[in-house]
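Subject: Structure handover

Dear colleague,

Please find below the structure that I promised to pass on to you. After it I have written down what was found, with each term explained where it comes up.

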Amino acid sequence: MSLYAIGDLHLHFQSELKAPGQLYGKVWKDHERIFKENCESLIREEDTLVLVGDHSWGKKFADCEQDLEYICALPGRKILLRGNHDMFWDVKKTEKLNELYRGRLSFLQNNYMPYGDYALVGTKGYCFEGPFYLDRYGHLVGWDEAEAARAEKLVGREIERLTMSFEAAKADGFCKFIMFLHYPPTNILQKNSAFTNLAEKYGAEQVIYGHCHGEKRFHDSIRGMKRGIRYSLVSGDCLRWHPMKVL
Ligand SMILES: [Fe+2]
């Protein structure tokens with residue numbers, strides 16, 4: 001039995017590409033077929049695959065059904081997290097989605113999923129990504145205080161949701177955790193964040209996230225071991241559509 005993770009499939013069997021520039025790189029060519037083949041040669045029926053968000057470009061549920069069916073047809077148990085593009089997923093109706101796809105897909109939000117003696121916990125997360133950048137002298141350019149403050153509110157809401165996920169698992173006796181986010185746990189300026197603090201507080205062994213696309217973004221946040229926790233970016237283009245083995 002193995003646990004795998006990947007994110008950001010950005011499927012569009014029924015919907016228009018909303019950011020075609022982002023998806024026209026070589027790595028995105030025929031990625032649906034390549035990813036399916038990789039899953040079929042790697043993942044067995046007893047394995048679990050966590051998809052860390054941005055499943056579909058579809059805005060409404062009706063525009064995503066074929067994308068979700070594609071995910072259903074992949075081998076193993078599939079657990080889905082919400083990404084910033086997953087408009088079809090009303091956070092207040094997660095239970096409905098879990099009922100609708102019972103036995104086929106599991107939706108991770110304000111709840112947890114057991115995996116052996118581990119609890120898989122997670123939420124979309126959030127971090128202020130700008131637009132801002134460091135110029136060649138290392139000076140911060142374009143930082144917007146008002147936007148950063150607005151982002152902090154969103155972080156607070158996501159921290160509440162993630163805490164709910166950890167606490168639900170703890171109440172059921174779990175003490176080993178793997179934490180999933182869609183957004184990176186920190187932005188390019190941060191060394192730590194409310195998310196890394198929460199991972200440390202609950203003793204998560206790993207933090208796994210997506211969202212960062214293109215070579216230039218792959219090192220926006222923490223990767224590798226930091227303060228006893230392994231951080232991994234699993235966006236599909238970063239992994240070249242090979243799911244990462246978590247456990
Ligand atoms: Fe994405």
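Two strands are said to pair if DSSP finds at least two bridges between them, and the strands themselves (E, at least two residues), like the helices (H or I, at least four), are DSSP runs numbered from the N terminus. Please keep in mind that this is a predicted model, in which local features need pLDDT of at least 70 and side-chain atom pairs count only at pLDDT 80 or more, while totals for chains, interfaces and linings use all residues. Residues are numbered from 1 along each chain as its sequence is written.

To begin with the whole chain, the protein has six helices and 13 strands, and its C-alpha trace spans about 50 × 45 × 30 Å along the principal axes. The radius of gyration, taken over C-alpha atoms, is compared with a globule rule of 2.2 Å times the number of residues to the power 0.38; a compact globule of 247 residues would come near 18 Å, and the 17 Å of the protein chain agrees with that. Buried residues, meaning those with 20 or more other C-beta atoms within 10 Å of their own (exposed means 12 or fewer, partly exposed in between, with C-beta atoms placed from the backbone), make up 39% of the 247 residues. If two residues count as in contact when their C-beta atoms, placed from the backbone, lie within 7 Å, then 80% of the contacts with a separation of 6 or more are between residues 24 or more positions apart.

Next come the strands around β2. Strand β2 (residues 48–51) runs parallel to β1, with four bridges joining the two, and L3 stands opposite T48 in β2. Four bridges also join β2 to strand β3 (residues 77–81), again in parallel, and here V50 has I79 in β3 as its bridge partner. Between these two strands the chain passes from β2 through helix α3 (residues 65–72) to β3 in a right-handed β-α-β crossover, a term which says that, with the strands pointing away from the viewer, the path from the first strand over the helix to the second runs clockwise. In a regular strand the side chains alternate between the two faces of the sheet. In β2, T48 and V50 point one way while L49 and L51 point the other way, and all are buried.

There is also an open sheet of six strands, in the order β5-β6-β9-β10-β12-β11 with mixed pairing. β5 and β11 (224–226) stand at its edges with a single partner strand each, so one side of each has no neighbour in the sheet. Within it, strand β10 (residues 206–209) and strand β12 (residues 229–233) run parallel and are joined by four bridges, and Q206 has R230 in β12 as its bridge partner. Helix α6 (residues 194–202) packs on the sheet, where it touches β9, β10 and β12.

Finally, some local backbone features deserve a look. G130 and P131 are joined by a cis peptide bond with omega of about 25 degrees, and P131 sits in the loop between β6 (118–123) and β7 (133–134). H10, a residue other than glycine, has a positive phi near 45 degrees, and it counts as buried because 24 C-beta neighbours lie inside 10 Å.

With best wishes

Conventions:
Axes fitted to C-alpha atoms, helices over the stretch in contact; angles between N-to-C directions.
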